[in-house]
Amino acid sequence: QVQLMESGGGLVQPGGSLRLSCAASGSIFSINAMGWYRQAPGKQRELVARITPGDSTYYVDSVKGRFIISGNNAKDTVYLQMNSLKPEDTAVYYCNAYIITATMRGDDYWGQGTQVTVSS
């Protein structure tokens, strides 16, 4: 069984910073990519940032220059450093990973979600 465990959300003032973490665990053969999505009330879930095992990264335009995605050496944990936060960054943030399990089955996995609220 594979799990993604998130941490690091919370309430922060505009201009502040937060760091999200997501660790994958379980019967994992390999992880193709890890990333973060977010969903604000009344809006569709959107991809915020993604990192590949080769450390290629993608950012949605609205967070470029403010957010940084990174991973650990084992490539089973992903971080999202969020700086210069804006009220429009308020959302539930979900960790996502495409994982090949020990039984050689590939699938998308999701974390439980962590609330990020940017407000004064």
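**Exercise 1. Find the polar partner of the T77 side chain, then decide whether T77 is buried or exposed.**

Step 1. The T77 side chain makes a polar contact with the side chain of D76, at 3.3 Å. (A polar contact is a pair of N or O atoms within 3.5 Å; within protein, one must be able to donate a hydrogen and the other to accept it, and residues adjacent in sequence count only if both atoms are side-chain atoms.)

Step 2. T77 counts as buried because its relative accessibility is 13%. (Buried is under 20% relative accessible area, exposed over 50%, partly exposed in between, with a 1.4 Å probe and protein chains only.)

A word on the model: it is predicted, so local features need pLDDT of at least 70 and side-chain atom pairs pLDDT 80 or more, while totals for chains, interfaces and linings use all residues. Residues are numbered from 1 along each chain as its sequence is written, and side-chain values use heavy atoms, leaving out hydrogens and water.

**Exercise 2. Place T77 in its strand and work out which strands pair with that strand.**

Step 1. T77 belongs to strand β8, residues 77–82. (Strands are DSSP runs of E, at least two residues, numbered from the N terminus.)

Step 2. On one side of your list, put β3 (residues 18–25), which pairs with β8 in the antiparallel sense over 6 bridges. (Pairing needs at least two DSSP bridges between two strands.) Here L20 has L80 as its bridge partner in β8.

Step 3. Next, add β7 (residues 67–71), joined to β8 by 5 bridges and also running antiparallel to β8. F67 is bridged to M82 of β8.

Step 4. Finish with the turn: β7 and β8 form a hairpin with 5 residues between them, and K75 there has a positive phi of about 60°.

Definitions and conventions
Helices (H or I, at least four residues) and strands (E, at least two) are DSSP runs, numbered from the N terminus.
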